[in-house]
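Grab a pencil and work through the exercises below. Try each task yourself before you read its solution.

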Amino acid sequence: MAAAKKHKPGKPSPSSEHDPGKDHDDLNRSPDTVGESVMSPEELERVLAGMRTAGSAIDEEDPRERLASPIGYTRKHGGLPPTKKSLGQNWLVDPDTTRAIAAALRASEGDLVVEIGPGTGALTEVLLENGYRVVALEIDRRMVDVLAERWPDHDRLTVIHADVMKADLSEITNGEPFCIVGNLPYNITSSLIFKLLEQFRTHPALISRIVILLQYEVALRLTAQPGASKASVLSLLLRYWGEPELALQVPKEVFQPMPKVDAGLLAMDISPEPLHPVDHWPTLLRLVKGTFAKRRKMLRNSVPGIVGLRPIEGIEFDWTRRPQTLSAADYAWLAEQLAPKHER
Ligand code: SAM
């Protein structure tokens, strides 16, 4: 089975074409070479020309700022601020892609959606068009100002100047359940997913679904099935809360500035309860991280080196297995067996 087909801008590829569990060939290729070329030079020029038109009122002296203008929005005064690489600012400039991301939320009018990193508001615009109530967290003050200018008085939009890594998500919505959507800055992906996992555990039923755009290779790792060569700590831990799905492959050409690699859309319903009951989360986390840190080693060689666990002697298990072959249920059972006395 082939990897998710790249969609041409304007033609989102359906998720049904992808089976992450059987992607071994494509998983082992570099992201740059996955799939066929999606945009001819002529098509690319047409997209860029559209962007130039959209940005025509912006400072003519700086072509970078013209290019950074999202389709459909031109600032009233001056251009958009130059993009900051350190904040992962690659703006989405293809309306069909933003519509496909919003559709993957499967939300209804009036639903509450928390958007992480709204930037210029390309995705926010579609969320509002769909009738959702949006709380958007943006770390860059300059972009908060852009959004305030773009929607000075929208009754379904709240923009908060905040670092999502420091924000208390339950407080932001006063405990009301919500979905999360975001075209994530690449540098915070893993830490944000760890933060969300903790949130799922400590605030059951607060987050109902997540739809996040990541680097394609990272999305493959996070959606890998147990047993797949790309199975990882996070793909395993996500499976306590649902079935992460690679909903879309998004070509790099729909971002401005264009990143080096394509992106992948991870979508997942969040179960209010862990799908595999775990009584000893600290042990489970130590076990999963400790074994994946030595992913080539058999468990009989890696587990005894993890601090604070019970000895494996006497526990009936096939200790010749390697971490990526274990399911979330296997790890839950093992954590139960290996939890030290003080955690019981
Ligand atoms: N949603 C917009 C789009 O799709 O065009 C922008 C996406 S851009 C890849 C990432 C956005 O996240 C930027 O606006 C950036 O300033 C913001 N950002 C980066 N780190 C953040 C953080 N820790 N908390 C909140 N926003 C952050």
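Two strands count as paired if DSSP finds at least two bridges between them. Keep in mind that this is a predicted model.

**Exercise 1. Getting an overview**

Task: Find how many helices and strands the protein chain has, and what share of its residues count as buried.

Solution: Start with the secondary structure, which comes to 13 helices and nine strands. Next, take the 344 residues of the protein chain: 42% of them count as buried. Finally, look at contacts between residues at least 6 apart in sequence; 65% of these join residues at least 24 apart.

**Exercise 2. The neighbours of β9**

Task: Work out which strands pair with β9, in which sense, and over how many bridges.

Solution: Begin with β6 (residues 207-215), which pairs with β9 in the antiparallel sense over seven bridges. One spot to check is Q215, whose bridge partner in β9 is A263. Now go to β7 (residues 245-250): this strand also runs antiparallel to β9, and five bridges join them. Here V250 stands opposite A263. So A263 turns up in both steps, as the partner of Q215 and opposite V250.

Last step: is β9 enclosed or open? Six of its seven residues are buried, so β9 is largely enclosed by the rest of the structure.

**Exercise 3. β2 and a residue called V113**

Task: Describe how β2 pairs with β3, then list what V113 touches.

Solution: β2 and β3 run parallel and share five bridges. For an example, take L112, whose bridge partner in β3 is R133. Four of the five residues of β2 are buried, so this strand is largely enclosed too.

Then look at V113. Leaving out residues up to four places away in sequence, V113 touches L105, A107, L127, Y132, V134, F178, C179 and V181.

**Exercise 4. The nonpolar core**

Task: Find how many residues the largest nonpolar core has, and explain why it lies between two domains.

Solution: The core has 81 residues, and those with the most contacts inside it are V113, V211, L265 and Y331. Domain 1 (5-269) and domain 2 (281-343) both give residues to this core, so it lies between them. As background, nonpolar side chains tend to be buried together in soluble globular proteins.

**Exercise 5. Around the ligand**

Task: Say how many residues surround the ligand, and sort them by class.

Solution: Count the shell and you get 24 residues, with L92, G117, G119, N183 and P185 the closest. The elements that give two or more residues to this shell are β1 (91-92), α5 (122-129) and β3 (133-138). Sorted by class, there are 14 nonpolar, seven polar and three charged residues.

**Exercise 6. Backbone oddities**

Task: Locate the cis peptide bond, then look at two residues with a positive phi, R106 and N174.

Solution: First, a reminder: most residues other than glycine have a negative phi, and most peptide bonds are trans. The cis bond joins Q256 and P257, with omega about -5°. P257 sits in the loop between β8 (255-256) and β9 (263-269).

R106 has a phi of about 50° and lies in the loop between α4 (95-103) and β2 (112-116). For N174, phi is about 55°, and its loop runs between α7 (169-172) and β5 (178-183).

Which of these is exposed, and which is partly exposed? R106 has 13 C-beta neighbours inside 10 Å, so R106 counts as partly exposed. N174 has 6, so N174 counts as exposed. The cut-off for exposed is 12 or fewer.

Terms used: Residues numbered from 1 in each chain as written. Predicted model: local features only at pLDDT ≥ 70, side-chain atom pairs only at ≥ 80, totals over all residues. Buried ≥ 20, exposed ≤ 12 C-beta atoms within 10 Å, placed from the backbone. Near = placed C-beta within 6 Å. Nonpolar A, V, L, I, M, F, W, Y, C, P; charged D, E, K, R; others polar. Contact = placed C-beta atoms within 7 Å. Core = buried A, V, L, I, M, F, W, Y, C linked by C-beta atoms within 7 Å. Domains from an automatic or database assignment.
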